[in-house]
Amino acid sequence: MAKINRVLGLINLVEPDFQMKSLTAHRPVAAIPFGGRYRIIDFVLSNMSAAGIDTIGIYLQDKERSLMDHIRSGRPWDMDRMSGGIFYFSLHSTPDHSYDLKGDIMNYYNNIDIMDKSNCEYAVIAGSNMVMNIDLKEVVDAHVESKADVTVVYKNYDSCDPYYNNAYVVNTDDDGKVRSFGIKIVKRAGQNTTEMTKVSTEIYVLKVSLLKELIEDAVSSGGSVYMREVLHDAARLYNYRGHEFKGFIAFISSIGNYYNSNMDLLNEKHLMDLFYGSTKINTKIRNENPSYYGPESNVTNSLIANGCEIEGEVVNSILFRRVIVEKGARIENSIIMQNGTIKAGANLKNCIADKNVIVSEGQIMSGTEKNPLVLVKDSVI
């Protein structure tokens, strides 16, 4: 078995966000609030911390201020330490290489010294848009035992379900060896050759020495410019093995997926799987008063964070910290982020209200389950 303190954690935040619209106008996908009181980055950080990984490099893309304000020293994840801790790597932090900002491989190459200074034998590379509770120590141990060059974590999923559309898929042979990667597309029922698809969670385990070799080869050859492509292309040359994950995953790739993934947490099974699995999910600590429920309030099947004041009706919804729902207001099938205020007589259905949104008295706002209405951050409606 691998000594887990010899494992380096690397989090890649270069992820497509064009379908997230206004939710990523001022923040990366990793900083989007999720599940009532968390940010999406909390899950991968908690998974790594729980596995004993004490050195984590975060490869930034842009709009990183909110993310860094949330993580700060990394104390909630036990990363505020003298040796190791959290390191941030920006595409724009090395002006000598500013001529090549396309892709992210140069960001890895320009900061490759973390792989030497960490004195780790293995590396775990992960993105942030796959929200899950996974035992990474188990994954690393399985990788070492298999003697594979690279292990990739995947989840079996219905080929005809569009939820994981545009996610990467893992193609394996009968022996479980990974042969290639592709993109998941919807296959019509009755026409697909397989009923299940192996969806990549984009978690990879490999030796640090091999990772350095792949990065240096990519830079010297001028081939792939994204770390993801480098790892996928290497499957043709190295022994890749799959590791199946059977738990709940929220794939944050679009407004619709974000909405549905939050609504899934109103199902107790999914809620318990994500927050009470093998890993304790930590987040930035905020001391708030308990939520207040007025004598005429009515709350049904909802997640309510602390600090809220509820006088009206909340049905099948998720309220983040310090949300105010005035008397006569009604919220149904909606997500209200922190510091939102829903005035008396307002009615929201199938909506996502970003931070600090104020909905004035008597306003009626409605989307659909397939196309929820997004209320932009700091707006007064």
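These are legends for a set of close-up views of a predicted model.

**View 1. D354 and its buried surroundings in the loop between β25 and β26.**
D354 sits in the loop that runs between β25 (351-353) and β26 (358-359). With a relative accessibility of just 2%, D354 counts as buried. Its side chain has a polar partner here: the side chain of R27, at 3.0 Å. Setting aside residues up to four places away in sequence, D354 touches S22, L23, R27, M337, L375, V376 and K377.

**View 2. N350, in the loop between β24 and β25.**
N350 is another buried loop residue, with a relative accessible area of 5%. The side chain of N350 makes a polar contact with the side chain of Y259, at 3.0 Å. Beyond its neighbours within four places in sequence, N350 is in contact with a set of residues that includes Y259, E332, N333 and S334. Also in contact with N350 are G367, T368, E369, P372 and L373. For a sense of how the chain comes back around, take N350 and M365: they are 15 residues apart along the chain, and their C-alpha atoms are separated by 8.4 Å.

**View 3. Helix α6, from residue 208 to residue 221.**
Does the helix have the length its residue count calls for, or what span should we expect? At 1.5 Å a residue, the 14 residues of α6 should span 20 Å, and the end C-alpha atoms are 20 Å apart, so the two agree. The buried residues of α6 are V208, L210, L211, K212, L214, I215 and A218. An α-helix has 3.6 residues a turn, so residues three or four places apart point the same way. That is handy to keep in mind when looking at L211, I215 and A218, which are among the buried residues here. Just after α6 comes G222, with a positive phi near 70 degrees.

**View 4. Two aromatic pairs, out of 13 found in the whole structure.**
In the pair made by Y59 and F89, the ring centres are 5.1 Å apart and the planes meet at 40 degrees, so the pair is tilted. Y59 belongs to strand β4 (residues 55-59) and F89 to strand β5 (residues 85-89), so this pair links distant parts of the chain, 30 residues apart. Both rings belong to buried residues: Y59 has a relative accessible area of 1%, and F89 has 9%. The other pair is F181 with Y240, with ring centres 6.1 Å apart and planes at 75 degrees, so this one is edge-to-face. F181 lies in strand β10 (residues 178-183) and Y240 in strand β12 (residues 240-244), so the pair ties together parts that are 59 residues apart in sequence. F181 and Y240 are buried too.

**View 5. An aromatic cluster, with an arginine over one ring.**
Ring pairs link F34, Y38, F43, Y258 and F275 into a cluster. Over the face of Y38 lies R37, at 5.3 Å from the ring centre.

**View 6. Three salt bridges, out of a count of 18.**
Side chains of opposite charge can pair when their charged atoms come close. D69 pairs with K284, the closest N and O atoms being 3.6 Å apart. This salt bridge links distant parts of the chain: D69 is in helix α2 (residues 65-71), while K284 is in the loop between α9 (268-275) and β14 (292-293), 215 residues apart. D69 is partly exposed, at 37% relative accessible area, whereas K284 is buried, at 12%. R322 and E288 form another salt bridge, with the closest N and O atoms 2.2 Å apart. R322 is in the loop between β19 (318-319) and β20 (324-325), and E288 is in the loop between α9 and β14, so parts 34 residues apart in sequence are tied together. R322 is partly exposed, at 26%, and E288 counts as partly exposed, at 25%. Then there is K343 with E326, whose side chains meet at 3.9 Å, N to O. K343 is partly exposed, at 29%, and E326 is partly exposed, at 22%.

**View 7. A salt-bridge network.**
Salt bridges that share partners join R6, E121 and K207 into one network.

Note on methods: Residues numbered from 1 in each chain as written. Predicted model: local features only at pLDDT ≥ 70, side-chain atom pairs only at ≥ 80, totals over all residues. Heavy atoms only, no water. Helix = DSSP H or I, 4+ residues; strand = E, 2+ residues; numbered from the N terminus. Buried < 20%, exposed > 50% of the residue type's maximum accessible area, 1.4 Å probe, protein only. Polar contact = N/O pair within 3.5 Å; in protein donor to acceptor, adjacent residues only side chain to side chain. Contact = heavy atoms within 4.5 Å. Expected span 1.5 Å × (residues − 1). Phe/Tyr/Trp six-rings, centres within 6.5 Å; stacked < 30°, edge-to-face > 60°. Lys NZ or Arg CZ within 6 Å of the ring centre and 35° of its normal. Salt bridge = Lys/Arg side-chain N within 4 Å of Asp/Glu carboxyl O.
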